[in-house]
Amino acid sequence: MPEPLIYELSSPGRPTLPLPETDVPEAKLPEAFLRQELPLPELSEIDVVRHFVRLSQYNHGVDTGFYPLGSCTMKYNPKINEVTARLPGFALSHPLQDTEVSQGSLALMVQLQEWLKEIGGFAGVSLQPAAGAHGELTGILIIRAYHQDRGDQGRNRILIPDSAHGTNPASTTMSGMEVVEIPSDARGNVDLDALRAECNECVAGLMLTNPNTLGLFEENVLEVTKLIHDCGGLVYGDGANMNALMGVVRPGDIGIDVLHYNLHKTFSTPHGGGGPGSGPVGVVDRLVDFLPGPVAEVVEEGDDDLPPLYGLVMPEKSIGRVKAFMGHFGVMVRAYTYMRILGKDGLRQASDLAVLNANYLRARLGDCYHVPYDRICMHEFVAEGRWEDAPDVRALDIAKRLMDFGFHPPTNYFPLIVHEALMIEPTETESKQMLDAFADAMLKIREEALSNPEILTGAPHTTPFGRMDEVLAARQLVLCCRPEDFQPSED
Ligand SMILES: *Cc1c(COP(=O)(O)O)cnc(C)c1O
């Protein structure tokens, strides 16, 4: 049962904190702006503290339990990242400060760019884009600028496999280019014949999510990128999930010309709920001049006595600015910290363990859940949440039932090319015990689907609130909990 709402606890005259006597003359306020009816709850301090702490406990986060959200990598966020992001020299610096008094921040940005270049195999990086999808838009604008600069005006199509992330076609459409969808083959790779048929002089480029949203590495990636290059196009790589590849494969070495990273996924920053992200873009040599700017750079080399001088430089043929100031600097500090602490070998190990954990779960669940493209996966895999012998149970029911076992549900109903998809990404930090507990719950759910399907279709049973009407909740936001605004659900 949910606890009483804050308005129900309210009692007239109960003091929270006494306000001090005013020490300035009272002024008359404009009537039009004054609200006479402002029903605020009246509570003591402890009531308020309990209310908000209780609300926070209704939430499931990576700090409270397993969170196997596929595609959007909810990985553990080391707390040291928060300490460094709050260092006054970083947290209190202002983007309009002169570069002479921002040398530390600029040095951090340059170092972060260098590491991202090394991880991706690229010649240049811009840290400006605010999120993954924003990096995609930036990348497509770079591709467009490249073709236009060469006087190659007719290229207005971007080929996108149907296993791509949904933001790929959205970003392409926003850039004004036309999306051409390419089907996948039976192994979950790009269908090469279908791709070949679309390769012509109208192609500006291809967007390749690799690993794709099935969690699979594109086995024919060299052939795919060659086909695109041979017809004069460029290859965009969606590198949101570089946490499968760090230290193993460099996208720049396999024909990717421009790629975005998701610092808030691969390099650990809390995200979700619309919090800040960062989607830096890396490019090969021939695209460096088109990067959005200004970009942090060493403008004067140092020597034994003097450190280098850092500055901000606009690339020669830049597509311009894509974000105010320098982008989301706090996220950069967290990513920098994460990389520095793990180091080269640690990043490689994070990828190895992410892939190992996903394959362990895939193997443990494989007998009970159909995995349509069943081969060694990368950091995540996609299973079907449906069975012929339990026709009433759907992926949504499995997801909701997992909450009763204390787990956050995996992403469901995405990717669209798998029916009743359950997309599972355990991440690298989870122990074998945790993976086993999750697998045991999933196997139990499979049994329940046969013996007691109602327990699944009625789930969750242990959470403070039952099954929500998520569409209604999104359309009719109720942000206040006054009793008259709040219609508890039937459950
Ligand atoms: C998360 C994700 C994106 C989009 O990133 P945002 O930061 O949410 O905009 C793009 N592609 C893939 C593969 C992703 O997982």
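In the predicted model, helix α5 covers residues 103-120. At 1.5 Å a residue, its 18 residues should span 26 Å, and the end C-alpha atoms are 25 Å apart, so the expected and the computed span agree. The buried residues of α5 are Q103, S105, L106, L108, M109, V110, L112, Q113, L116, I119 and G120. An α-helix has 3.6 residues a turn, so residues three or four places apart point the same way. Among the buried residues of α5 are L108, L112, L116 and G120. Just after the helix, G121 takes a positive phi of about 75 degrees.

Helix α6 spans residues 132-149. Its 18 residues should extend over 26 Å at 1.5 Å a residue, which agrees with the 25 Å between its end C-alpha atoms. Buried positions in α6 are G132, G135, E136, L137, T138, G139, I140, I142, I143, A145, Y146 and H147. Just after α6, a positive phi of about 75 degrees is found at G151.

The ligand is surrounded by 15 residues, of which S71, G132, D238, H264 and K265 come nearest. G132 is also one of the buried residues of α6. By class, the shell consists of four nonpolar, eight polar and three charged residues. Polar atoms of the protein approach the ligand at several points. A polar backbone atom of S71 is 2.6 Å from an oxygen atom of the ligand. A second ligand contact involves N262, with a polar side-chain atom 3.1 Å from an oxygen atom of the ligand. For H165, a polar side-chain atom lies 3.5 Å from a nitrogen atom of the ligand. Taken alone, the ligand exposes 380 Å², and the protein buries 88% of that area. Two or more residues of the shell are given by each of the elements α6 and α10 (263-266). The largest share, three residues, comes from α6.

Several loop residues were also examined. S44 is found in the loop between α1 (6-9) and α2 (45-58). Its relative accessible area is 17%, so S44 counts as buried, the cut-off being under 20%. Leaving aside residues up to four places away in sequence, S44 touches R14, P15 and T16.

P315 lies in the loop between β9 (309-313) and α11 (329-365). With a relative accessible area of 14%, P315 is buried. Apart from residues up to four places away in sequence, P315 touches V288, D289, L291, P292, G293 and V295. V295 is 20 residues from P315 along the chain, yet their C-alpha atoms are separated by 7.4 Å.

G293 also takes part in a cis peptide bond, which leads to P294 and has omega near 0 degrees. P294 lies in the loop between β7 (281-283) and β8 (295-300). Another cis peptide bond, also with omega near 0 degrees, runs from N210 to P211. P211 belongs to the loop between β4 (203-209) and α9 (221-230).

Positive phi values also occur at residues other than glycine. F325, in the loop between β9 and α11, has a phi near 55 degrees. Its relative accessibility is 36%, so F325 counts as partly exposed. T427 has a positive phi of about 70 degrees and is located in the loop between β12 (421-424) and α13 (432-451). With 2% relative accessibility, T427 counts as buried.

Notes:
Residues numbered from 1 in each chain as written. Predicted model: local features only at pLDDT ≥ 70, side-chain atom pairs only at ≥ 80, totals over all residues. Heavy atoms only, no water. Helix = DSSP H or I, 4+ residues; strand = E, 2+ residues; numbered from the N terminus. Expected span 1.5 Å × (residues − 1). Buried < 20%, exposed > 50% of the residue type's maximum accessible area, 1.4 Å probe, protein only. Near = heavy atom within 4 Å. Polar contact = N/O pair within 3.5 Å; in protein donor to acceptor, adjacent residues only side chain to side chain. Areas by Shrake-Rupley, 256 points an atom, 1.4 Å probe, with all protein chains shown as cover. Nonpolar A, V, L, I, M, F, W, Y, C, P; charged D, E, K, R; others polar. Contact = heavy atoms within 4.5 Å.
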